[in-house]
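Please open the model in your viewer and keep the selection panel at hand. The stops below are meant to be visited in order.

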Amino acid sequence: MVVFPFFIPHCGCAQRCVFCQQNRITSVETAPSPAEVTRCLEVMLPERGVGEVAFYGGSFTMLDPCLQEAYLAGVVPFVRAGRVAGIRVSTRPDGCDNERVARLRAFNVTTVELGCQSFSDAVLRKARRGHDASAAGESVMRLRNAGLRVGLQLMPGLPGGDGDEARRSLARALDLEPDFLRLYPAVVLAGTGLEQAWRRGDYVPLDLDDAVELCAELLWHCHDQGVPVIRLGLQSSPELDRGSTVLAGPYHPAFGQLVRSRLWRRALESTATASGGRRAKVDFADLSDAMGHRRTNLDYLSRRFGHFEIVSSGHQVRQCFVLAGCRHDMMSQARYLQPLPPTTDDHS
(Lines give C-alpha, C1' and ligand atoms only; values in the text may rest on other atoms or scores of the structure.)
Protein backbone atom coordinates (compact mmCIF):
# COMPACT_ATOMS: atom_id res chain seq x y z
CA MET A 1 0.00 0.00 0.00
CA VAL A 2 1.40 3.39 -1.03
CA VAL A 3 1.08 5.96 1.77
CA PHE A 4 1.35 9.74 1.48
CA PRO A 5 2.08 10.74 5.10
CA PHE A 6 1.48 13.95 7.01
CA PHE A 7 2.68 14.23 10.61
CA ILE A 8 0.68 16.01 13.30
CA PRO A 9 2.96 15.37 16.32
CA HIS A 10 1.09 15.06 19.64
CA CYS A 11 -2.00 16.76 18.19
CA GLY A 12 -5.14 15.50 19.91
CA CYS A 13 -3.18 13.85 22.72
CA ALA A 14 -4.59 14.69 26.15
CA GLN A 15 -1.41 13.57 27.93
CA ARG A 16 2.14 12.59 27.11
CA CYS A 17 2.85 8.87 27.37
CA VAL A 18 6.16 7.95 29.02
CA PHE A 19 7.70 6.65 25.79
CA CYS A 20 6.53 9.31 23.35
CA GLN A 21 8.47 12.11 21.67
CA GLN A 22 6.84 12.48 18.28
CA ASN A 23 8.69 15.65 17.31
CA ARG A 24 12.01 13.81 17.42
CA ILE A 25 10.68 10.61 15.86
CA THR A 26 9.12 12.42 12.91
CA SER A 27 11.54 15.39 12.71
CA VAL A 28 8.43 17.58 12.49
CA GLU A 29 7.98 20.40 15.00
CA THR A 30 4.53 21.68 14.05
CA ALA A 31 1.59 20.14 12.25
CA PRO A 32 0.71 21.43 8.76
CA SER A 33 -2.50 23.34 8.37
CA PRO A 34 -5.34 21.79 6.35
CA ALA A 35 -4.58 24.26 3.55
CA GLU A 36 -0.92 23.19 3.53
CA VAL A 37 -1.94 19.53 3.27
CA THR A 38 -4.13 20.33 0.25
CA ARG A 39 -1.34 22.27 -1.47
CA CYS A 40 1.12 19.42 -0.92
CA LEU A 41 -1.30 16.86 -2.30
CA GLU A 42 -1.75 18.86 -5.49
CA VAL A 43 1.97 18.39 -6.11
CA MET A 44 2.67 14.90 -4.77
CA LEU A 45 -0.30 12.88 -5.97
CA PRO A 46 -0.38 11.32 -9.44
CA GLU A 47 -3.24 12.06 -11.79
CA ARG A 48 -4.57 8.57 -11.17
CA GLY A 49 -3.37 6.46 -8.31
CA VAL A 50 -3.89 4.14 -5.40
CA GLY A 51 -2.78 4.33 -1.81
CA GLU A 52 -3.87 6.43 1.12
CA VAL A 53 -3.21 9.90 2.50
CA ALA A 54 -2.18 9.31 6.12
CA PHE A 55 -2.22 11.46 9.26
CA TYR A 56 0.35 10.13 11.75
CA GLY A 57 1.99 11.19 14.98
CA GLY A 58 -1.03 12.27 16.99
CA SER A 59 -4.48 11.08 18.04
CA PHE A 60 -6.44 12.18 15.00
CA THR A 61 -9.93 11.37 16.26
CA MET A 62 -9.25 13.33 19.47
CA LEU A 63 -8.66 16.57 17.54
CA ASP A 64 -11.33 19.25 17.66
CA PRO A 65 -14.08 18.00 15.31
CA CYS A 66 -13.86 21.13 13.15
CA LEU A 67 -10.14 20.60 12.63
CA GLN A 68 -10.67 16.92 11.83
CA GLU A 69 -13.24 17.82 9.23
CA ALA A 70 -11.01 20.52 7.74
CA TYR A 71 -8.17 18.04 7.28
CA LEU A 72 -10.43 15.35 5.84
CA ALA A 73 -12.42 17.71 3.62
CA GLY A 74 -9.17 18.85 2.03
CA VAL A 75 -8.35 15.27 1.00
CA VAL A 76 -11.80 14.10 -0.11
CA PRO A 77 -11.67 15.81 -3.55
CA PHE A 78 -8.51 13.84 -4.38
CA VAL A 79 -10.27 10.61 -3.41
CA ARG A 80 -13.27 11.45 -5.57
CA ALA A 81 -10.99 12.35 -8.49
CA GLY A 82 -9.29 8.95 -8.25
CA ARG A 83 -5.89 10.39 -7.40
CA VAL A 84 -5.78 8.41 -4.14
CA ALA A 85 -7.89 5.53 -2.84
CA GLY A 86 -8.60 6.68 0.69
CA ILE A 87 -7.44 8.18 3.97
CA ARG A 88 -5.60 6.61 6.90
CA VAL A 89 -5.41 8.01 10.43
CA SER A 90 -3.72 6.92 13.64
CA THR A 91 -5.39 7.35 17.01
CA ARG A 92 -5.86 5.92 20.49
CA PRO A 93 -8.00 2.90 21.37
CA ASP A 94 -10.22 5.14 23.52
CA GLY A 95 -10.75 7.60 20.66
CA CYS A 96 -13.21 5.63 18.55
CA ASP A 97 -16.69 6.12 19.94
CA ASN A 98 -19.66 5.87 17.60
CA GLU A 99 -19.74 9.59 16.75
CA ARG A 100 -16.04 9.73 15.88
CA VAL A 101 -16.20 6.57 13.79
CA ALA A 102 -19.23 7.89 11.88
CA ARG A 103 -17.27 11.06 11.07
CA LEU A 104 -14.37 9.03 9.70
CA ARG A 105 -16.67 6.98 7.51
CA ALA A 106 -18.43 10.06 6.18
CA PHE A 107 -15.14 11.59 5.03
CA ASN A 108 -13.75 8.59 3.08
CA VAL A 109 -11.39 7.32 5.79
CA THR A 110 -10.49 3.75 4.87
CA THR A 111 -7.94 2.66 7.51
CA VAL A 112 -7.44 3.38 11.20
CA GLU A 113 -4.31 2.48 13.15
CA LEU A 114 -4.74 2.04 16.89
CA GLY A 115 -1.76 2.56 19.17
CA CYS A 116 -2.53 -0.27 21.55
CA GLN A 117 1.10 -0.70 22.74
CA SER A 118 0.10 -3.47 25.18
CA PHE A 119 -2.89 -5.51 26.29
CA SER A 120 -1.73 -5.52 29.91
CA ASP A 121 -3.58 -3.05 32.13
CA ALA A 122 -0.55 -2.85 34.44
CA VAL A 123 1.78 -1.96 31.57
CA LEU A 124 -0.69 0.61 30.21
CA ARG A 125 -0.88 2.29 33.63
CA LYS A 126 2.91 2.50 33.88
CA ALA A 127 3.03 3.93 30.36
CA ARG A 128 0.41 6.59 31.34
CA ARG A 129 -1.80 5.66 28.44
CA GLY A 130 -5.02 6.73 30.12
CA HIS A 131 -7.08 3.73 28.99
CA ASP A 132 -7.27 0.02 29.73
CA ALA A 133 -6.79 -2.95 27.44
CA SER A 134 -10.52 -3.45 26.82
CA ALA A 135 -10.69 -0.17 24.89
CA ALA A 136 -8.90 -1.73 21.93
CA GLY A 137 -11.41 -4.52 21.42
CA GLU A 138 -14.34 -2.14 21.65
CA SER A 139 -12.81 0.22 19.11
CA VAL A 140 -11.93 -2.55 16.68
CA MET A 141 -15.53 -3.74 16.77
CA ARG A 142 -16.89 -0.25 15.97
CA LEU A 143 -14.37 0.31 13.19
CA ARG A 144 -15.11 -3.09 11.66
CA ASN A 145 -18.85 -2.43 11.80
CA ALA A 146 -18.20 0.77 9.85
CA GLY A 147 -16.33 -1.16 7.17
CA LEU A 148 -12.89 0.27 7.97
CA ARG A 149 -9.55 -1.53 7.82
CA VAL A 150 -7.80 -1.72 11.20
CA GLY A 151 -4.12 -1.85 12.07
CA LEU A 152 -2.72 -2.31 15.57
CA GLN A 153 0.57 -1.10 17.03
CA LEU A 154 2.34 -2.99 19.83
CA MET A 155 5.36 -1.89 21.87
CA PRO A 156 7.22 -4.75 23.58
CA GLY A 157 9.56 -3.84 26.40
CA LEU A 158 7.60 -1.09 28.16
CA PRO A 159 7.91 -0.71 31.96
CA GLY A 160 6.27 -3.67 33.65
CA GLY A 161 6.41 -5.76 30.50
CA ASP A 162 8.56 -8.73 29.59
CA GLY A 163 8.66 -11.45 26.95
CA ASP A 164 5.62 -13.24 28.34
CA GLU A 165 3.62 -10.00 28.39
CA ALA A 166 4.63 -9.31 24.79
CA ARG A 167 3.47 -12.77 23.72
CA ARG A 168 0.16 -12.41 25.56
CA SER A 169 -0.39 -8.96 24.07
CA LEU A 170 0.27 -10.30 20.60
CA ALA A 171 -2.16 -13.16 21.16
CA ARG A 172 -4.84 -10.68 22.25
CA ALA A 173 -4.11 -8.50 19.23
CA LEU A 174 -4.30 -11.43 16.82
CA ASP A 175 -7.62 -12.49 18.36
CA LEU A 176 -9.00 -9.17 17.06
CA GLU A 177 -8.06 -10.19 13.50
CA PRO A 178 -6.36 -6.94 12.48
CA ASP A 179 -5.54 -6.23 8.85
CA PHE A 180 -1.92 -5.55 9.80
CA LEU A 181 0.39 -4.90 12.75
CA ARG A 182 3.35 -2.72 13.62
CA LEU A 183 5.89 -3.83 16.24
CA TYR A 184 7.88 -1.06 17.92
CA PRO A 185 10.17 -2.25 20.75
CA ALA A 186 10.34 0.50 23.36
CA VAL A 187 13.41 2.74 23.23
CA VAL A 188 14.43 5.54 25.59
CA LEU A 189 14.06 8.88 23.80
CA ALA A 190 15.41 12.13 25.15
CA GLY A 191 12.80 14.28 26.86
CA THR A 192 10.44 11.44 27.81
CA GLY A 193 9.24 9.91 31.04
CA LEU A 194 11.21 6.82 30.12
CA GLU A 195 14.40 8.86 30.15
CA GLN A 196 13.71 9.94 33.72
CA ALA A 197 12.96 6.37 34.84
CA TRP A 198 16.04 5.06 33.02
CA ARG A 199 18.33 7.65 34.60
CA ARG A 200 16.94 6.81 38.05
CA GLY A 201 17.61 3.14 37.41
CA ASP A 202 13.91 2.29 37.59
CA TYR A 203 13.67 1.11 34.00
CA VAL A 204 15.92 -1.20 32.00
CA PRO A 205 15.04 -1.42 28.29
CA LEU A 206 15.46 -4.53 26.18
CA ASP A 207 18.92 -4.85 24.69
CA LEU A 208 19.16 -5.11 20.93
CA ASP A 209 19.71 -8.86 20.68
CA ASP A 210 16.88 -9.69 23.08
CA ALA A 211 14.53 -7.39 21.15
CA VAL A 212 15.52 -8.98 17.83
CA GLU A 213 14.97 -12.48 19.24
CA LEU A 214 11.59 -11.55 20.73
CA CYS A 215 10.35 -9.74 17.63
CA ALA A 216 11.45 -12.63 15.42
CA GLU A 217 9.22 -14.90 17.49
CA LEU A 218 6.33 -12.43 17.33
CA LEU A 219 6.79 -11.97 13.59
CA TRP A 220 6.69 -15.71 13.03
CA HIS A 221 3.39 -15.99 14.94
CA CYS A 222 1.92 -13.12 12.90
CA HIS A 223 2.90 -14.83 9.66
CA ASP A 224 1.51 -18.12 10.95
CA GLN A 225 -1.84 -16.37 11.50
CA GLY A 226 -1.70 -14.62 8.11
CA VAL A 227 -1.41 -11.10 9.56
CA PRO A 228 1.21 -8.89 7.86
CA VAL A 229 3.63 -6.87 9.97
CA ILE A 230 4.19 -3.66 8.02
CA ARG A 231 6.81 -2.12 10.31
CA LEU A 232 9.45 -3.44 12.70
CA GLY A 233 11.12 -0.80 14.86
CA LEU A 234 11.28 2.95 14.42
CA GLN A 235 11.86 4.35 10.96
CA SER A 236 15.48 5.46 10.61
CA SER A 237 15.99 9.21 10.35
CA PRO A 238 18.88 11.68 10.79
CA GLU A 239 17.32 12.80 14.07
CA LEU A 240 17.29 9.27 15.49
CA ASP A 241 20.64 8.27 14.03
CA ARG A 242 22.71 11.17 15.34
CA GLY A 243 22.94 9.68 18.84
CA SER A 244 21.47 12.39 21.06
CA THR A 245 17.84 11.36 20.62
CA VAL A 246 17.90 7.61 21.36
CA LEU A 247 19.55 7.26 24.76
CA ALA A 248 19.07 3.53 25.37
CA GLY A 249 17.18 0.53 24.09
CA PRO A 250 16.97 -1.54 20.94
CA TYR A 251 17.09 1.09 18.22
CA HIS A 252 18.87 0.10 15.02
CA PRO A 253 18.44 1.71 11.58
CA ALA A 254 18.09 -1.78 10.06
CA PHE A 255 16.01 -3.33 12.85
CA GLY A 256 13.53 -4.93 10.45
CA GLN A 257 16.29 -6.70 8.58
CA LEU A 258 17.84 -7.88 11.84
CA VAL A 259 14.53 -9.51 12.78
CA ARG A 260 13.96 -11.14 9.38
CA SER A 261 17.57 -12.31 9.33
CA ARG A 262 17.14 -13.92 12.75
CA LEU A 263 14.29 -15.99 11.33
CA TRP A 264 16.53 -17.02 8.46
CA ARG A 265 19.27 -17.98 10.91
CA ARG A 266 16.84 -20.19 12.81
CA ALA A 267 15.60 -21.68 9.56
CA LEU A 268 19.00 -22.44 8.08
CA GLU A 269 20.49 -23.68 11.33
CA SER A 270 17.62 -26.04 12.16
CA THR A 271 17.44 -27.40 8.63
CA ALA A 272 21.20 -27.85 8.30
CA THR A 273 21.24 -29.71 11.61
CA ALA A 274 18.48 -32.03 10.40
CA SER A 275 19.72 -32.62 6.86
CA GLY A 276 23.48 -32.08 6.92
CA GLY A 277 23.20 -29.64 4.03
CA ARG A 278 25.55 -26.68 3.97
CA ARG A 279 24.51 -24.92 0.77
CA ALA A 280 21.26 -22.93 0.83
CA LYS A 281 19.42 -21.79 -2.27
CA VAL A 282 17.13 -18.83 -1.68
CA ASP A 283 15.03 -16.54 -3.79
CA PHE A 284 16.94 -13.45 -4.91
CA ALA A 285 14.53 -11.23 -2.95
CA ASP A 286 15.49 -13.07 0.25
CA LEU A 287 19.24 -13.21 -0.30
CA SER A 288 20.17 -10.15 1.79
CA ASP A 289 18.02 -11.22 4.74
CA ALA A 290 19.26 -14.81 4.54
CA MET A 291 22.90 -13.66 4.52
CA GLY A 292 22.19 -11.43 7.50
CA HIS A 293 23.00 -7.79 8.17
CA ARG A 294 26.67 -7.41 7.20
CA ARG A 295 26.79 -11.17 6.51
CA THR A 296 26.30 -12.06 10.17
CA ASN A 297 24.21 -15.16 9.39
CA LEU A 298 26.76 -16.49 6.93
CA ASP A 299 29.56 -15.97 9.45
CA TYR A 300 27.52 -17.60 12.22
CA LEU A 301 26.60 -20.64 10.12
CA SER A 302 30.16 -21.07 8.90
CA ARG A 303 31.39 -21.11 12.50
CA ARG A 304 28.63 -23.56 13.43
CA PHE A 305 28.93 -26.01 10.54
CA GLY A 306 32.19 -25.23 8.79
CA HIS A 307 32.16 -23.67 5.34
CA PHE A 308 28.59 -22.63 4.49
CA GLU A 309 27.11 -21.10 1.35
CA ILE A 310 23.95 -19.09 0.72
CA VAL A 311 23.26 -18.49 -2.95
CA SER A 312 20.49 -17.04 -5.07
CA SER A 313 19.10 -19.57 -7.51
CA GLY A 314 16.08 -18.39 -9.43
CA HIS A 315 12.69 -18.35 -7.77
CA GLN A 316 12.78 -20.59 -4.72
CA VAL A 317 9.92 -21.31 -2.35
CA ARG A 318 10.04 -18.45 0.16
CA GLN A 319 9.62 -20.49 3.31
CA CYS A 320 11.87 -19.12 6.02
CA PHE A 321 8.83 -18.70 8.26
CA VAL A 322 7.95 -22.37 7.92
CA LEU A 323 11.53 -23.39 8.55
CA ALA A 324 11.98 -21.04 11.48
CA GLY A 325 9.04 -22.76 13.13
CA CYS A 326 10.84 -26.10 12.63
CA ARG A 327 7.88 -27.46 10.66
CA HIS A 328 10.10 -29.61 8.45
CA ASP A 329 7.24 -31.77 7.28
CA MET A 330 6.03 -28.84 5.15
CA MET A 331 9.11 -28.39 2.97
CA SER A 332 11.57 -30.27 0.81
CA GLN A 333 14.89 -30.15 2.64
CA ALA A 334 16.72 -31.67 -0.29
CA ARG A 335 15.67 -28.85 -2.57
CA TYR A 336 16.27 -26.13 -0.03
CA LEU A 337 19.56 -27.08 1.67
CA GLN A 338 22.16 -29.19 -0.10
CA PRO A 339 25.59 -30.62 0.76
CA LEU A 340 28.46 -28.60 -0.59
CA PRO A 341 30.04 -29.86 -3.83
CA PRO A 342 33.19 -31.97 -3.37
CA THR A 343 35.38 -29.25 -4.90
CA THR A 344 35.51 -25.52 -4.32
CA ASP A 345 36.25 -24.49 -7.90
CA ASP A 346 32.88 -22.76 -8.27
CA HIS A 347 33.38 -20.73 -5.10
CA SER A 348 36.12 -18.50 -6.38
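The tour goes from one helix to the aromatic rings and ends at a charge over a ring.

This is a predicted model, in which local features need pLDDT of at least 70 and side-chain atom pairs count only at pLDDT 80 or more, while totals for chains, interfaces and linings use all residues. Residues are numbered from 1 along each chain as its sequence is written, and side-chain values use heavy atoms, with hydrogens and water left out.

**Helix α4**

Select residues 98-106, which form helix α4; helices (H or I, at least four residues) and strands (E, at least two) are DSSP runs, numbered from the N terminus. Within α4, colour V101, R103 and L104, which are buried, where buried means under 20% relative accessible area, exposed over 50% and partly exposed in between, with a 1.4 Å probe and protein chains only. These residues lie on the same side of α4, because they cover an arc of only 155° around the axis, the arc being that of the directions from the helix axis to the C-beta atoms.

Now add α3 (65-80), β3 (86-91), β4 (109-117) and α6 (134-145), against which the buried residues of α4 pack; contact here means heavy atoms within 4.5 Å. On the face turned away from the buried side, select the exposed residues N98, E99 and A106. Just after α4, look at N108, which takes a positive phi of about 65°.

**Aromatic pairs**

How many aromatic pairs does a search of the whole structure find? The search finds six, counting rings of Phe, Tyr and Trp (its six-membered ring) whose centres lie within 6.5 Å, with planes under 30 degrees apart called stacked, over 60 edge-to-face and the rest tilted.

Select F7 and Y56, whose ring centres are 6.1 Å apart with planes at 40°, so the pair is tilted. F7 lies in strand β1 (residues 3-7) and Y56 in strand β2 (residues 52-56), so the pair ties together parts that are 49 residues apart in sequence. F7 counts as partly exposed at 27% relative accessibility, whereas Y56 is buried at 12%.

Move next to F60 and Y71, a tilted pair with 6.2 Å from centre to centre and 50° between the planes. F60 sits in the loop between β2 and α3, and Y71, eleven residues apart from it, in helix α3. F60 is buried, with a relative accessible area of 0%, and Y71 also counts as buried, at 4%. Adding F6 and F55 to this selection shows a cluster, since ring pairs link F6, F55, F60 and Y71.

**A charge over a ring**

Finally, select R265 and Y300: R265 lies over the face of Y300, at 4.3 Å from the ring centre. A charge sits over a ring if NZ of Lys or CZ of Arg is within 6 Å of the ring centre and within 35 degrees of the ring normal.
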